[in-house]
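Biologist: Please take a close look at one strand and its surroundings. Keep it short and plain, and explain your terms as you go.

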Amino acid sequence: MREVRIKDSFTGELRTLSSDEEIGIYACGPTVCSLIHIGNARPFVVFSLLARFLKSEGYRAKLVVNVTDINDRIYAAARQAGEPSAEFAKRMTRAYFEDTDRLGLGRPDAEPLATETIDGIVALIADLIESEHAYESGGDVYFRVRSFDGYGKLSNRRAEEMDQGEEAGSESLKEDPLDFALWKAHKEDEDTSWDSPWGSGRPGWHIECSAMAEAELGPSFAIHGGGSDLVFPHHENEIAQSEAAGRPFARVWMHNGMIETDAEKMSKSEGNIFQLSEALDRYGREAVVDYLISGRYRQPLAFDAEQMEQAATRVERLRNFLREHPPAGDGAAPEDEFVATRREGFRGALADDFNTPRAMAEAFELVAEANRRQLPGAPEALRGMLALVGLESLARAEQGAGAEAEGLLAERQQARAARDFERADEIRDRLAELGWEVRDSAGAARLVRRC
Ligand SMILES: [Zn+2]
């Protein structure tokens, strides 16, 4: 078992993960108010692969990615869609599962929903009222920010720089403008509500995550992750609520950088490739995963069609190499030392604050050297490396798809040409059941074996 270190975004220090306890990872998942985009896929990929790597090293890791299915933005989006909010949230949750399934990384160990954690949320709020860190006001419940000494310690903000970003109208109910809502009384224009000791209403966003993390991982756990846009107020408020209620909460904070798009460039690229399902259609899962691990997880990552084309070219280079170097049988020559060094470098990079670009550089160095000279063991080592970062499907031989799949693909092309996208999607799903992924590229579609 290798020593794994992660840079804590709270203290800025590298922290070594403990090898003799469960590594609980809680990563904030999407608010299901729209289809998910590449930006939502980044934490999903980073934390899924981190958990995969830790497990491969022999750690007991448990990854929890929640679904925020109660939120102001969901009510607003459902109204706009002319759909009851509960149905809208369910539909968007299903779409999130389907889109992330297509990344081929498996599911997190637990995926709690806010709507299924109401009891835990209510219990945590009751604890906070009991200890006077929270108060009821007009059917709402607010967290008393100035009662918690450490407030602002994660985001390093002064009180005057803090805006909870809450809807207008709640100011008169708050003791202090800094306070934030834990529970909101039911409003006329909201079509769902839950019972609580403070009357009918719904939880605030921040308390949902505190309660879901505790329900799955207990009062203290190893890593809390999420996008860097969540540091304030979301994560600051999670810390305040949980610690004020006597829970030690997360030991290490790990934030992924944002995906940055250039609006002008994006409008020139055909279709909406920022949407995850579109990017998967156009470039395939391997290119999407490779793109998302092509930068340090903590840094921002530029996104446009050119970046995706480059990722697609990189994964084709790997696929071609593996195609030309099928697995060696028994009696193969012993592994070259160069190969062992690259493999060690690959794992070492992942253990060093999950440095995926350095790890992938080791993989590409291995390919480049193996193309120059006979390098026994290189294809086997490369397969092992790629399996760690979710690219194992590149090693799978592609065979002919067969008449049924080819026929369906032709039918899908006709449906798309006739703009019958519903039918085209049905056919894509049927092909997925048969084990084929459709890749649309440059006006043509082809079938690729799903992992
Ligand atoms: Zn959260």
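Modeller: Strand S3 (residues 23-27) pairs with S4 in the parallel sense, over 5 bridges. Pairing here needs at least two DSSP bridges between the strands. Strands (E, at least two residues) and helices (H or I, at least four) are DSSP runs, numbered from the N terminus. Ala27 stands opposite Val65 in S4.

This is a predicted model: local features need pLDDT of at least 70, side-chain atom pairs count only at pLDDT 80 or more, and totals for chains, interfaces and linings use all residues. Residues are numbered from 1 along each chain as its sequence is written.

Now the cover on S4. The strand spans residues 61-65, and 5 of its 5 residues are buried. Buried means that 20 or more other C-beta atoms, placed from the backbone, lie within 10 Å of the residue's own. In a regular strand the side chains alternate between the two faces of the sheet. Ala61, Leu63 and Val65 are buried on one side of S4, and Lys62 and Val64 are buried on the other.

Next, the connection. S3, helix H1 (residues 38-56) and S4 make a right-handed β-α-β unit. Right-handed means that, with the strands pointing away from the viewer, the path from the first strand over the helix to the second runs clockwise.

H1 also takes part in a domain contact. The domain assignment, automatic or from a database, gives domain 1 (5-257), domain 2 (260-395) and domain 3 (403-449). The contact takes 25 residues from domain 1 and 26 residues from domain 2. Contact means C-beta atoms, placed from the backbone, within 7 Å. H1 gives the largest share of domain 1's side, 10 residues.

Notes
Buried ≥ 20, exposed ≤ 12 C-beta atoms within 10 Å, placed from the backbone. Contact = placed C-beta atoms within 7 Å.
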